[in-house]
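Here are some friendly notes to read beside the model. They go through the DNA contacts, then the charged pairs, then the place where the protein chains meet.

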2 protein chains.
Amino acid sequence: MRNRIREMRTGHGWSQAELALRLEVSRQTVNALERGRYDPSLPLAFRIARVLGAPIEAIFLDEEGEAGQPDS
Amino acid sequence: MRNRIREMRTGHGWSQAELALRLEVSRQTVNALERGRYDPSLPLAFRIARVLGAPIEAIFLDEEGEAGQPDS
DNA sequence: GATGAATGACAAGGACGCTTTACATTTCGG
DNA sequence: CCGAAATGTAAAGCGTCCTTGTCATTCATC
């Protein structure tokens with residue numbers, strides 16, 4: 001599932017580590033999410049939406065018929 | 001994390017099995033979600049929102065400082 | 001009272017989400 | 001260049017999500 005975490009994070013002028021702190025997850029988790037290695041849990045998705053100041057639907061793109069390769 | 005799946009499902013006049021079919025998950029998963037045993041993955045949350053015809057934020061309640069015991 | 005539909009529950013198993021630890025690479029100001 | 005900050009990666013480990021299979025309970029209708 002595609003997301004706009006990176007573009008919204010840099011829009012706030014935050015490093016991955018800074019965002020991780022605000023989300024209370026590890027820096028590696030933020031990195032993995034931005035790189036599309038996996039999707040966040042629903043509770044984490046809500047925290048991301050809150051911290052980035054946008055609704056979940058505006059951050060995560062529901063691409064319907066998409067397979068969604070975890071990178072590779 | 002609390003949700004309104006049951007009330008919205010019955011509002012549509014569907015059984016758990018019918019909703020499960022539409023979501024492409026097992027009946028047990030729908031039952032577990034309604035009973036708050038765990039939260040759905042983000043992709044499943046999007047499908048639930050689509051099938052129930054409401055935004056994710058209207059179905060799943062972000063109770064902020066809530067511990068959120070998976071029942072027990 | 002028997003039958004069937006709907007719901008609740010539990011166990012075992014596989015895949016995913018997130019952690020910590022650790023190391024490599026890129027970027028950039030001096 | 002040099003050093004430090006930021007980013008990318010990997011592995012081991014644990015808990016969560018979702019599956020199939022099975023059984024119990026409740027309720028309605030016959």
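1. A definition to begin with: a polar contact is a pair of N or O atoms within 3.5 Å. Please also keep in mind that this is a predicted model. With that cut-off in hand, look at A:Arg9, where an N or O atom of the side chain is 3.1 Å from a phosphate oxygen of DNA strand D. That distance is within 3.5 Å, so the pair counts as a polar contact.

2. Two further phosphate contacts to DNA strand D come from chain B. The side chain of B:Thr29 places an N or O atom 2.2 Å from a phosphate oxygen of DNA strand D. At B:Asp39 a polar backbone atom takes that role, with 3.2 Å to a phosphate oxygen of the strand. Two or more residues each are given to the surface near DNA strand D by H1 and H3 of chain A and by H3 of chain B. H3(A) provides the largest share of this surface, with three residues.

3. Which residues come nearest to DNA strand D? Of the 18 around the strand, they are A:Gln16, A:Asn31, B:Thr29, B:Tyr38 and B:Ser41. Sorted by class, the surface near DNA strand D has eight polar, six charged and four nonpolar residues. Sugar or phosphate accounts for 63% of the atoms of DNA strand D within 4 Å of the protein, and bases for the rest.

4. Now to the other strand. DNA strand C is surrounded by 19 residues, and the closest are A:Thr29, A:Tyr38, A:Ser41, B:Asn31 and B:Arg35. By class, the surface near DNA strand C holds eight polar, seven charged and four nonpolar residues. For DNA strand C, 63% of the atoms within 4 Å of the protein belong to sugar or phosphate, with the rest in bases.

5. On DNA strand C you can check three phosphate contacts by hand. The side chain of A:Thr29 has an N or O atom 2.3 Å from a phosphate oxygen. For B:Asn31, a polar side-chain atom lies 2.4 Å from a phosphate oxygen of the strand. B:Arg6 brings a polar side-chain atom to 3.0 Å from a phosphate oxygen of DNA strand C. At least two residues of the surface near this strand come from each of H3 of chain A, H1 of chain B and H3 of chain B.

6. Next, the charged pairs. Side chains of opposite charge can pair when their charged atoms come close. How many salt bridges does the structure hold over all chains? There are six. One of them joins A:Arg9 and A:Glu34, at 2.4 Å from N to O. This pair links distant parts of the chain, with A:Arg9 in helix H1 and A:Glu34 in helix H3 of chain A, 25 residues apart. A:Arg9 counts as buried because its relative accessibility is 8%, and A:Glu34 is buried as well, at 12%.

7. In chain B, look at B:Glu34 and B:Arg6, whose salt bridge has its closest N and O atoms 2.8 Å apart. Here B:Glu34 sits in helix H3 and B:Arg6 in helix H1 of chain B, 28 residues apart. B:Glu34 is buried, with a relative accessible area of 12%, whereas B:Arg6 is partly exposed at 36%. Back in chain A, salt bridges with shared partners join A:Arg6, A:Arg9 and A:Glu34 into one network.

8. Finally, the interface between the protein chains. In chain A, 14 residues are in contact with 14 residues of chain B. About 1300 Å² is buried between the two chains, and carbon and sulfur atoms give 64% of that area. A:Leu42, A:Phe46 and A:Glu57 supply 44% of the area that chain A buries against chain B, more than any other three residues.

9. Two salt bridges are counted between chain A and chain B. One of these pairs is A:Asp62 and B:Arg50, at 2.4 Å from N to O. Helices H4 and H5 of chain A each supply at least two residues of the side that touches chain B, and H4(A) gives the most, with five residues. That side of chain A divides into nine nonpolar, five charged and no polar residues.

Definitions and conventions: Residues numbered from 1 in each chain as written. Chains lettered and ligands numbered in written order. Predicted model: local features only at pLDDT ≥ 70, side-chain atom pairs only at ≥ 80, totals over all residues. Heavy atoms only, no water. Salt bridge = Lys/Arg side-chain N within 4 Å of Asp/Glu carboxyl O. Helix = DSSP H or I, 4+ residues; strand = E, 2+ residues; numbered from the N terminus. Buried < 20%, exposed > 50% of the residue type's maximum accessible area, 1.4 Å probe, protein only. Contact = heavy atoms within 4.5 Å. Buried area = accessible area lost by both parts, 1.4 Å probe. Nonpolar A, V, L, I, M, F, W, Y, C, P; charged D, E, K, R; others polar. Near = heavy atom within 4 Å. Polar contact = N/O pair within 3.5 Å; in protein donor to acceptor, adjacent residues only side chain to side chain.
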